[in-house]
Amino acid sequence: MLTSTPHTLRNDPPVDRLRATVMRAELAAMIDRLTVTDGAHETAIPRLGLVRATQTQHPVHGMCEPAFCVLAQGSKRVLLCDEVYIYDSSQYLVAAQNLPVTSQVIDASPEAPYLGLRLGFDVKEVTALALDLAFGKTAPTRASQRGIFTGELSPTLLDPVLRLVKLLDSPEDIGALAPLITREILYRVLRSTDGWRLAQMAVVDSHSQRIAQVISLLSQRFQAPLRIEDLADQVHMSVSSLHQHFKAVTAMSPLQFQKQLRLQEARRIMIGEHLDAATAGHRVGYESQSQFNREYSRFFGSPPARDIKRLRERQLGRPDS
C-alpha cells in the first residue's frame, strides 16, 4: 500500500509566504541560467549539484546518498519500498541514510522546466555540528524513524540556499564561504521539526548509527549470502531489534534491502558491460537463474532481456514500444 507524505497546513504570515515565493523565483532563475541542457550538472562548490529537466521522466532506480534536496520549480516523486514522497518547490527533501529509492520527475515542460539542486553532506560533518550544538541529546528517547523526510522550505532556509548558489558567480569566494554557508544550511535543517532524525547520527551507539553501519555492511557485501545473526552481532543488536529498527529507517527488511541492491547492480552491469542476464544474476549473488528473472521482473516490471532492450532504445531516443 502506497503512503504519501502528509502536507501540513501552512500558518506562515502573508509576508513570509510572499518572501518565499520571491526567493524561489530568484533561485529558479539562477538554476535556469546555470543549466543550459537537461541532466545533472556538477558545480565548483563541493557536493553541490544542479539539475534540469524539460519533460517528465521515467522512474529511475538508484542508491540515494545522504543529501539535502531543493526544487526551485517542478515536482518529484520518490519511492522508498512501498512509500511515496512527493515534494515540490514549497518543500525540501532530506535523505539521512544511504537508501535504494526510485525517483521520477513528474512536473516539467520546456516552458516551465524542472529545476533543482542537491547538496550532499558528509555524515561526519552533521555529527560534529549536532554534537557542538547539543542537538543529539534528545535523540535517544525517540524511536527510529524513516531515513528520508520532507520539510517546509521557509525563507529562513531559502536564504542560505540562495547565497550558496550565488557563490557560483564569484568563484574566488567559494573556498572561504561555501563551507560556512553549507554549515548554516545543515544547522537550519537540524533545527527543523524533523531535524532530530539527522541529530540521531551524533549519538554514539544510537539505533540510527547502528542501522547506518548495517546499511554500509550490506552495501559492501550484497553479493554474499545474508545471515541476519552475523549482522546483528557486528552491530551489537539482537536479531529482533535489528529487524525492528532497520525497517523503521528503511521501510524494508535487510533481505529486501539486499535484494534491491542486487537487482539495481545487475541492471547497471547489463547495460554498462553488455552482460546477459545469467551472468549478471550470478555476479550479484543469485544462484538460481529462474529466481533472478522472477525477482527482476517483479521489481522492474519486465524480464531482464526486455527491460534492457527498452532502456537501450530509450538511450538512443527511440519511443517505448
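Contact is defined here as heavy atoms within 4.5 Å. The structure is a predicted model, in which local features need pLDDT of at least 70 and side-chain atom pairs count only at pLDDT 80 or more, whereas totals for chains, interfaces and linings use all residues. Residues are numbered from 1 along each chain as its sequence is written, and side-chain values use heavy atoms, with hydrogens and water left out.

Arg197 is located in helix α5 (residues 196-199), helices being DSSP runs of H or I with at least four residues, numbered from the N terminus. With a relative accessible area of 15%, Arg197 is buried (under 20% relative accessible area, 1.4 Å probe, protein chains only). Residues up to four places away in sequence aside, Arg197 touches Gln145, Arg146, Ile148, Phe149 and Ser208. A polar atom of the Arg197 side chain lies 3.2 Å from the backbone oxygen of Arg146.

The largest nonpolar core (buried Ala, Val, Leu, Ile, Met, Phe, Trp, Tyr and Cys residues joined through side-chain atoms within 4.5 Å) comprises 48 residues, of which Leu80, Leu242, Phe246, Phe257 and Phe292 touch the most other members. Helix α9 (residues 254-272) gives the most to this core, contributing six residues. Apart from this core lies another, of 41 residues, including Phe121 and Phe149.

Helices α11 (residues 289-300) and α12 (residues 304-315) pack with their axes 9 Å apart at an angle of about 45 degrees; axes are lines fitted to C-alpha atoms over the stretch in contact, and angles run from 0 to 180 degrees between N-to-C directions. In this contact, Phe292, Asn293, Tyr296, Ser297 and Phe300 of α11 meet Pro304, Asp307, Ile308 and Arg310 of α12.

Technical notes: Buried means under 20% relative accessible area, exposed over 50%, partly exposed in between (1.4 Å probe, protein chains only). Helices (H or I, at least four residues) and strands (E, at least two) are DSSP runs, numbered from the N terminus. A polar contact is a pair of N or O atoms within 3.5 Å; within protein, one must be able to donate a hydrogen and the other to accept it, and residues adjacent in sequence count only if both atoms are side-chain atoms.
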